[in-house]
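Let's take a walk through this one together, going from a side-chain detail to the core and then to the links that span the chain. Have the model open and follow along.

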Amino acid sequence: MLKMTRLHILWAGVLLLLVGCAGNQRLQTRLMSDADTNICNVAVLPFENWTQKSELTLLAGRMFASQLIQSKAFNTVQEGDVGMFLLRQRLLPGNLLYKEHYAALENQLDIDAVIQGRIVEAGSYSQRGGRRIPLLSLYIDMYDARSGKLLLNSVHQRRGDEYRKVMHFGVVTTNSGLIEKMSREIINDWFSKGVTCR
């Protein structure tokens, strides 16, 4: 009887741990009321970086584009084609795009939507044993390529230890690993709101 009670307590503790970790997810996607959610072809512009960690800019944009490709839900324009477009238009990452830019993007790259991202917060903190755990905040906007209107906005914040399953298993200890997981969560959230190619 005592052995069975301990087993129940152990399972209850594991369940609380898993629920507690899952509850730490901070992802909000706001879909505009008049947004066309039938999106097939997208271009990911280079991400902006509002932090001191300049090395994350290229990494975040590439990881997000990679997750879009892996999702097989969108046709993603190659990074080189986007880079050539920006060069011809004399645009830098983070520059404000005007209606004529969106029209040129749609015309030259044959896309439905433009994705712009920003790294708003990037840092890390120490755990016992000296291990550094990354934390990141990402803002992702999707714009209609024809009109330049905002279709949706996602805001996501995570720490690497929020993926802990049991003990130390599942803890993300690299920025690339954290960006990959966060990107996948954002894209899956878009799917849940009906944003996909139909």
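Over the face of which residue does Lys181 lie? It's Tyr163, with Lys181 placed 5.3 Å from the ring centre. Arg158 also lies over the face of Tyr163, at 4.3 Å from the ring centre. Before going further, keep in mind that this is a predicted model.

Now swing over to helix 2, residues 56–71. At 1.5 Å a residue, its 16 residues should span 22 Å, and the end C-alpha atoms are indeed 22 Å apart, so expectation and model agree. Just after helix 2 comes Lys72, which has a positive phi, near 60°. Which residues of helix 2 are buried? They are Leu56, Ala60, Gly61, Met63, Phe64, Ala65, Gln67 and Leu68. Those buried residues have plenty of partners: they pack against strand 2, strand 3 (48–49), strand 4 (75–76), strand 5 (113–126), strand 6 (132–144) and helix 5.

Two of those helix 2 names, Phe64 and Leu68, come back when you look at the largest nonpolar core. This core has 34 residues, and the ones touching the most other members are Phe64, Leu68, Phe74, Ile115, Met142 and Trp190. The elements giving two or more residues to this core are strand 2, helix 2, strand 5, strand 6, strand 7 (150–159) and helix 5. Pick Ile115 and look around: leaving aside residues up to four places away in sequence, Ile115 touches Val42, Ala43, Val44, Leu45, Phe64, Leu68, Ile140, Asp141, Met142 and Trp190. There's also a second, separate core of 16 residues, with Leu91, Leu105, Leu109 and Ile111 among them.

Next, the aromatic rings. How many aromatic pairs does a search of the whole structure find? Four turn up. Take Phe47 and Phe64: their ring centres are 6.0 Å apart and their planes sit at 45°, so this pair is tilted. The pair links distant parts of the chain, with Phe47 in the loop between strand 2 and strand 3 and Phe64 in helix 2, 17 residues apart. Phe47 is buried at 1% relative accessible area, and Phe64 is buried too, at 0%. Ring pairs also bring in Trp190, linking Phe47, Phe64 and Trp190 into a cluster.

Phe74 and Phe191 make another pair. Their ring centres are 6.1 Å apart with planes at 25°, so here the rings count as stacked. Phe74 lies in the loop between helix 2 and strand 4, while Phe191 belongs to helix 5, so the pair ties together parts 117 residues apart in sequence. Phe74 is buried, with a relative accessible area of 6%, whereas Phe191 is partly exposed at 29%.

Let's finish with a covalent link. The model has one disulfide, which joins Cys40 to Cys197 with an S to S distance of 2.0 Å. The link of Cys40 and Cys197 is right-handed, with 80° about the S-S bond. Where do the two cysteines lie? Cys40 is in the loop between strand 1 (26–31) and strand 2 (41–44), and Cys197 is in the segment after helix 5 (175–192), so the disulfide ties together parts 157 residues apart in sequence. Cys40 counts as buried at 16% relative accessibility, while Cys197 is partly exposed, with a relative accessible area of 34%.

Methods:
Residues are numbered from 1 along each chain as its sequence is written. This is a predicted model: local features need pLDDT of at least 70, side-chain atom pairs count only at pLDDT 80 or more; totals for chains, interfaces and linings use all residues. Side-chain values use heavy atoms; hydrogens and water are left out. A disulfide is a pair of cysteine sulfur atoms within 2.5 Å. Helices (H or I, at least four residues) and strands (E, at least two) are DSSP runs, numbered from the N terminus. Buried means under 20% relative accessible area, exposed over 50%, partly exposed in between (1.4 Å probe, protein chains only). The expected span of a helix is 1.5 Å times one less than its number of residues. Contact means heavy atoms within 4.5 Å. A nonpolar core is a set of buried Ala, Val, Leu, Ile, Met, Phe, Trp, Tyr and Cys residues joined through side-chain atoms within 4.5 Å. Rings of Phe, Tyr and Trp (its six-membered ring) pair if their centres lie within 6.5 Å; planes under 30 degrees apart count as stacked, over 60 as edge-to-face and the rest as tilted. A charge sits over a ring if NZ of Lys or CZ of Arg is within 6 Å of the ring centre and within 35 degrees of the ring normal.
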